[in-house]
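Here's a quick tour of one protein model, going from its core to a helix pair and then to the whole chain. Have the structure open as you read.

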Amino acid sequence: MAFRGIHDADPLDPSALLLQDRHRSHFVDTEQLQDVLRPRQQMRAFLSMWRLDPRIRPYVIRAGFYGIYRLGHIIIDWPLITCLVERWRPETHTFHVPLGETTITLQDVAIILGLRIDGPAVTGTYMVDVAELCGDLLGVTPPADALRGLTISIRWLCQQLSTPTADADEVALERSARGFILALIGSFLFPDKKGVHVHLCFLPLLRDLTLTSTYSWGGAVLAHTYQELCRASLDRRCGISGCITLIQLWSWERLHVGRPDFGRSVPFAAPPLPHGLHDDDVDGVDEDVVDGLPVQHGVHPEADADVAPEPALPLGCRWRVPLTGVLNPSGVLLLYRDKLDAQTSNQVLWQPYVGEVVDRLPALCLADQDIWRTMSPLICFEIVEWHRPERVLRHFGLHQGIPPACSYDHQLHRVDARGRHQPD
């Protein structure tokens, strides 16, 4: 899609980009909007409250969420996220940059986050009995002040379930694991506007943790991320929620703007484990101790012999490196815009996942390559968003021709879980 230039963000041909008069780039171009978006994320607060009990660790691994836990908190570069939102087009589900279109695909979700992208959709019902559901799967019934509609306080979950007793049986440990995973879902993958509550619609999917690992959590995260990008790009929105870490790590893998001083040629390794700590304690220490350049992969040599070996981790874990004021200063939105406007062909990595980068990834990251290029709807409960890999064929080593036209369904984009809901 051709644009007029860096001083006029409006497309030359508006027939495909129908929402330009509502788009953030229009308001930026007319100097009606210059603020930096404020992503909403509470991962650091959650990890500071809830240190993973070693007895819970096998359940989190079984459910498929251990890689997300080990990725942990990554500082968000707000100007970078804002710059990307200004380039996002709801009509095509792609970022429009000078060299063409690019986007976050199922491939990126699988490799960066290590989530399954094939399997049953993450969906279900909102018609649940909160007391019965929580009593059965968590072993505790939340009081009224811990609930907000059908969402539950992450802090309350932590207070009730983060410290199982020394003689806790398997049922109690599994309930604690469900609480941890539910809080992780609400803090990292599907955060609400403030990131302090999580929707109980996810809890029934955690009943059988082995079955939990078979769902397409990656597809659901991508659907939710697309929706949040679409919302943030329209009508002068001042914030954005969703899996912001995925957006940032995707950008660091593929674009030159705002990347930390961590070369693409550096082999992948797990986040460092502080001296004297087990891998399960890593997120309970101060961030300046944890975050550093990647070091030797595996369990700390001083860990107990009966601790299971550290599973292979998704690629996103290699980005747990410090951001510095020199490399990523705050208030550099104008600089980022200029860098994207002046982008050259050697500043976009269309295929970053090759060679040593993928040699040590979990098998799950590469298991579903046959659907990386599927054109299909992505589902997360009421959210339905289209996956458009046909517009970014260079991501897969293919020649990019003129992609087919996209149909923008305004009514579909308006569907959400807010307001009153009645059964059919």
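## The nonpolar core

In this predicted model, the largest nonpolar core has 111 residues, and the members touching the most others are Leu113, Leu157, Leu189, Phe202 and Trp217. Helix H9, spanning residues 170-189, is the top contributor to this core, putting in 10 residues. As a general backdrop, nonpolar side chains tend to be buried together in soluble globular proteins.

Phe202 is a good one to click on. Leaving aside residues up to four places away in sequence, Phe202 touches Val122, Leu182, Ile185, Phe190, Trp217 and Phe381.

## Where H5 meets H14

Now for a helix pair. Helix H5 (residues 78-87) and helix H14 (residues 333-341) have axes that come within 9 Å and cross at roughly 45 degrees. That angle is why H5 counts as oblique to H14. As for handedness, H5 and H14 make a right-handed crossing.

Who does the touching? On the H5 side, the contact is made by Pro79, Leu80, Thr82, Cys83, Glu86 and Arg87. H14 answers with Leu333, Tyr336, Arg337, Leu340 and Asp341. Sorted by class, the contact of H5 with H14 comes out at six nonpolar, one polar and four charged residues.

## The chain as a whole

Zooming out, the protein chain holds 17 helices and 12 strands. Its 424 residues include 55% that count as buried.

How do the contacts spread along the sequence? Taking contacts in the protein chain between residues at least 6 apart in sequence, 77% join residues at least 24 apart.

Notes
Residues numbered from 1 in each chain as written. Predicted model: local features only at pLDDT ≥ 70, side-chain atom pairs only at ≥ 80, totals over all residues. Heavy atoms only, no water. Axes fitted to C-alpha atoms, helices over the stretch in contact; angles between N-to-C directions. Helix = DSSP H or I, 4+ residues; strand = E, 2+ residues; numbered from the N terminus. Parallel < 35°, antiparallel > 145°, perpendicular 65-115°, else oblique. Left-handed = near helix turned anticlockwise from the far one by under 90°. Contact = heavy atoms within 4.5 Å. Nonpolar A, V, L, I, M, F, W, Y, C, P; charged D, E, K, R; others polar. Core = buried A, V, L, I, M, F, W, Y, C linked by side-chain atoms within 4.5 Å. Buried < 20%, exposed > 50% of the residue type's maximum accessible area, 1.4 Å probe, protein only.
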